[in-house]
Amino acid sequence: MSAPANLEDMPSVDLMTELLRRLKCQTKPDKRLILVGPPGSGKGTQSPIVKDEYCLCHLATGDMLRAAVTAKTPLGIKAKEAMEKGELVTDDLVIGIIDDALKKPSCQKGFILDGFPRTVVQAKKLDEMLAKRGVKVDKVLNFAIDDAILEERITGRWIHPSSGRSYHTKFAPPKVPGVDDVTGEPLIQRKDDTAAVLKSRLEAFHKQTKPVIDYYSKLGVVANLHAEKTPQEVTVEVKKALS
């Protein structure tokens with residue numbers, strides 16, 4: 001919900017709902033969380049549940065970079081210059097954008113970082129920035145799942161392009177294989193959902209994130225979740241890890 005510039009124009013029921021939400025949030029403990037997991041591990045399912053339960057803000061660095069560029073913030077202008085030159089946006093710039101975001105009221109009780117840090121250097125810089133604020137990462141939720149299970153989850157996904165309806169050959173099959181239940185039109189598979197693409201994505205993911213998980217394990221903040229379980233069971237595990 002993006003608020004109008006003038007609070008007077010906001011419907012009373014929306015104001016009251018937000019006020020009650022904030023009052024309820026005051027009693028929640030602060031939490032600073034990092035979510036780590038390969039594509040298809042269920043991070044996207046758990047993240048909004050955790051966000052609402054603990055009144056956190058969700059920080060997806062890719063979206064934040066784009067927003068900063070659009071809003072022409074000082075850091076956004078720097079990021080745009082780097083992108084236009086075809087350079088990677090520096091770690092310090094991303095940390096700066098996260099630091100800016102943490103000033104917002106929605107991040108008052110803490111945050112969920114998704115897709116960052118991807119390297120140990122980034123993790124250390126994040127820790128330094130948080131230390132200046134007198135806080136630290138409380139938990140790293142590691143959505144651990146066997147590659148073979150992921151392959152079954154992802155490569156079984158088929159989509160009906162015009163409606164966005166999705167099917168799964170094992171878990172939610174169409175009535176007729178390869179055909180949409182409603183229109184009878186053929187289903188397609190996203191190119192990212194093929195076994196070959198998935199294999200290279202997983203290899204890159206493991207190579208990149210293992211050192212980050214090791215780094216946070218030494219700090220004693222990693223919770224390894226059994227991400228192959230049902231979403232409801234994983235939610236129970238997440239809440240246990242955070243209690």
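These exercises, each with a worked solution, lead through a predicted model of one protein chain.

**Exercise 1. Overall make-up**

Describe the protein chain as a whole, stating how many helices and strands there are, what the C-alpha trace spans, and what share of the residues counts as buried.

*Solution.* Begin with the secondary structure: the protein chain holds 9 helices and 7 strands. Next take the extent, for which the C-alpha trace spans about 55 × 50 × 45 Å along its principal axes. Then turn to burial, where 38% of the 243 residues count as buried, while the accessible surface comes to about 14,400 Å², with 58% of that surface belonging to carbon and sulfur atoms. As for contacts between residues at least 6 apart in sequence, 70% of them join residues at least 24 apart. Finally, consider the charges: the mean positions of the 38 positive and 33 negative charges are 3 Å apart.

**Exercise 2. The nonpolar cores**

Work out which residues touch the most other members of the largest nonpolar core, and which element gives the most to this core.

*Solution.* The largest nonpolar core has 35 residues, and within it L59, I98, L126, V140 and Y216 touch the most other members. The elements that give two or more residues to this core include the strands β1 (31-36), β2 (57-60) and β3 (110-114), together with helices such as α3 (61-71), α6 (120-132) and α8 (195-218). The element that gives the most is α5, with 6 residues. To see one member in detail, take I98, which touches L59, T61, M64, L113, F116 and M129 when residues up to four places away in sequence are not counted. There is also a second, separate core of 20 residues, and L141, F143, I145 and L225 are among them. As background, nonpolar side chains tend to be buried together in soluble globular proteins.

**Exercise 3. Strand β4 and its partners**

Find which strands are joined to β4 by bridges, say whether they run parallel or antiparallel to β4, and then decide whether L141 is buried or exposed.

*Solution.* On one side of the question stands β1, which is joined to β4 (residues 139-144) by 4 bridges and runs parallel to β4; in this pairing I34 has V140 as its bridge partner. The other pairing is with β7 (residues 222-226), where 5 bridges join the two strands, again in a parallel run, and here F143 stands opposite L225. L141 is itself found in β4. Because its relative accessibility is 1%, and buried means under 20%, L141 counts as buried. Leaving out residues up to four places away in sequence, L141 touches I34, L35, V36, A223, L225, V238, A241 and L242.

**Exercise 4. Two loop residues**

Compare the places of D181 and G115 in the chain, and determine for each whether the residue is buried, partly exposed or exposed.

*Solution.* D181 has its place in the loop between β6 (166-168) and α8, whereas G115 lies in the loop between β3 and α6. D181 has a relative accessible area of 33% and is therefore partly exposed, and G115, at 21% relative accessibility, likewise counts as partly exposed. The cut-off matters for this step, since buried means under 20%. Turning to contacts beyond four places in sequence, D181 is in contact with Y167, P174, K175 and V176, and G115 is in contact with L35 and T61. In space, the C-alpha atoms of D181 and H160 are 9.4 Å apart, the two residues being 21 residues apart in sequence.

**Exercise 5. Unusual backbone geometry**

Identify which peptide bond is cis, and establish where C55 and K72 lie and what phi each has.

*Solution.* Start from the general expectation that most residues other than glycine have a negative phi, and that most peptide bonds are trans. The peptide bond from F116 to P117 is cis, with omega near 0°, and P117 lies in the loop between β3 and α6. C55 has a positive phi, near 60°, and lies in the loop between α2 (43-54) and β2. K72 also has a positive phi, of about 55°, and is found in the loop between α3 and α4. The last step is accessibility: C55 is buried, with a relative accessible area of 7%, but K72 is exposed, with a relative accessible area of 62%.

How values were computed:
Residues numbered from 1 in each chain as written. Predicted model: local features only at pLDDT ≥ 70, side-chain atom pairs only at ≥ 80, totals over all residues. Heavy atoms only, no water. Buried < 20%, exposed > 50% of the residue type's maximum accessible area, 1.4 Å probe, protein only. Contact = heavy atoms within 4.5 Å. Areas by Shrake-Rupley, 256 points an atom, 1.4 Å probe, with all protein chains shown as cover. Lys, Arg positive; Asp, Glu negative; His and termini not counted. Charge placed at Lys NZ, Arg CZ, Asp CG, Glu CD. Core = buried A, V, L, I, M, F, W, Y, C linked by side-chain atoms within 4.5 Å. Pairing = 2+ DSSP bridges.
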